[in-house]
Amino acid sequence: MTQQRLRIAIQKSGRLADECQTLLKGAGLKLNLRDQRLLSHCQNLPIDILRVRDDDIPGLVMDGVVDLGIVGENVLEEERLEREAMNRPCEFTTLRRLDFGGCRLSLAVDKDLAWDGPTTLAGKRIATSYPYLLASYMKKTGVPFSDCMLKGSVEVAPRAGLADAICDLVSTGATLEANGLKETEVIFRSKATLIQTASPLSATNQELVDKLLTRINGVIQARE
Ligand code: PRT
Ligand code: ZN
């Protein structure tokens, strides 16, 4: 499939969606993203914007289906680790870490549990949506554990008796607090990031990427 226009994947709706649009518009792209279309044409540059679930963005970039993507490093690293384990393509280039979407992936337990480091979790079950990031961290600690995959409602797992601990994203900590949990270890710090496919682009598209990156750097510098 030959494509001439540069393709950028961003989150359709959710925590990163508005900031992605603001950034691209700030970089001079004229976009009309009001409708629900998957693919939108930029009006003043040869760029197409693909709006998808954030979880699909790393794979689209790693498979070379799109040229650039903006996604949380948490989602990116989880996909990379999973693909690496499956011997699937997992290469990409980071163009720039962005100034939004900040959060951390943390371990949390019942607020009344005495915490004595990761060994507290020996033989316990940890609920998470990030099994590869969790396994990669726990491997370093050498503590044996089991996990339980939950795509949502991770924070209610301990109360529901599904798990002894959780490994979930935290920003303010209010969700943990509301569920009687306390944050005990940060295992990964994340921000949104701009990535490029490892497949070579045409010279024209690479020039466009370079120009876009310069403009994005300018937008971020201006708001620092
Ligand atoms: O529909 P789609 O699949 O695209 O979106 P999604 O629902 O999977 O993701 P979304 O929009 O919730 O988050 C997108 C990205 O935003 C995440 O992958 C992170 O990189 C980043 N981000 C930043 C966060 C948070 N902050 C955050 N606080 N993602 C999720 N949360 C959740 C967290 O899971 C927990 O439920 O917010 C709750 C905790 O927040 P506090 O403030 O109570 O600690
Ligand atoms: Zn998602």
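## What surrounds ligand 1

Sorted by class, the residues around ligand 1 come out as ten polar, six nonpolar and five charged. Keep in mind as you look around that this is a predicted model. The shell holds 21 residues in total, and the closest to ligand 1 are G14, G72, C103, T172 and T175.

Which elements supply at least two residues each to this shell? They are helix 3 (73-85), strand 9 (165-170) and helix 5 (174-178). Strand 9 gives the largest share, with three residues. The shell also draws on both domains, taking at least three residues from domain 1 and at least three from domain 2.

## Two domains and their contact

The domain assignment splits the chain into domain 1, made of 6-101 plus 191-222, and domain 2, which runs over 103-190. Measuring between C-alpha centres would be one way to place them; on that basis, domain 1 and domain 2 sit 29 Å apart. Ten residues of domain 1 and nine residues of domain 2 take part in the contact.

On the domain 1 side, helix 3 gives the most, with seven residues. By class, that side of domain 1 has five charged, three polar and two nonpolar residues. Helix 3 thus turns up twice in this report: in the shell around ligand 1 and in the contact with domain 2.

## Helix 6 and its two sides

Helix 6 takes in residues 203-222, 20 residues in all. From first C-alpha to last, helix 6 reaches 29 Å, close to the 28 Å expected at 1.5 Å a residue.

Which residues of helix 6 are buried? Here you'll find V209, L212 and I216. These three cover an arc of only 70° around the axis, so they end up on the same side of helix 6. Over on the other side, the exposed residues are A203, T204, E207, D210, T214, G218, Q221 and A222.

As for what covers the buried residues of helix 6, the list includes strand 1 (6-11), strand 4 (68-72), strand 5 (92-97) and strand 11 (192-197), along with helix 1 (17-26).

## A look at R51

R51 belongs to strand 3, residues 47-52. Is R51 buried, exposed or partly exposed? R51 counts as partly exposed because it has 19 C-beta neighbours inside 10 Å, and a residue needs 20 or more to be buried.

In sequence, R51 and K12 are 39 residues apart, yet their C-alpha atoms lie 4.4 Å from each other in space. Setting aside neighbours within four places in sequence, R51 is in contact with K12, I10 and L38.

How values were computed:
Residues numbered from 1 in each chain as written. Chains lettered and ligands numbered in written order. Predicted model: local features only at pLDDT ≥ 70, side-chain atom pairs only at ≥ 80, totals over all residues. Near = placed C-beta within 6 Å. Helix = DSSP H or I, 4+ residues; strand = E, 2+ residues; numbered from the N terminus. Nonpolar A, V, L, I, M, F, W, Y, C, P; charged D, E, K, R; others polar. Domains from an automatic or database assignment. Contact = placed C-beta atoms within 7 Å. Expected span 1.5 Å × (residues − 1). Buried ≥ 20, exposed ≤ 12 C-beta atoms within 10 Å, placed from the backbone. Arc of directions from axis to C-beta.
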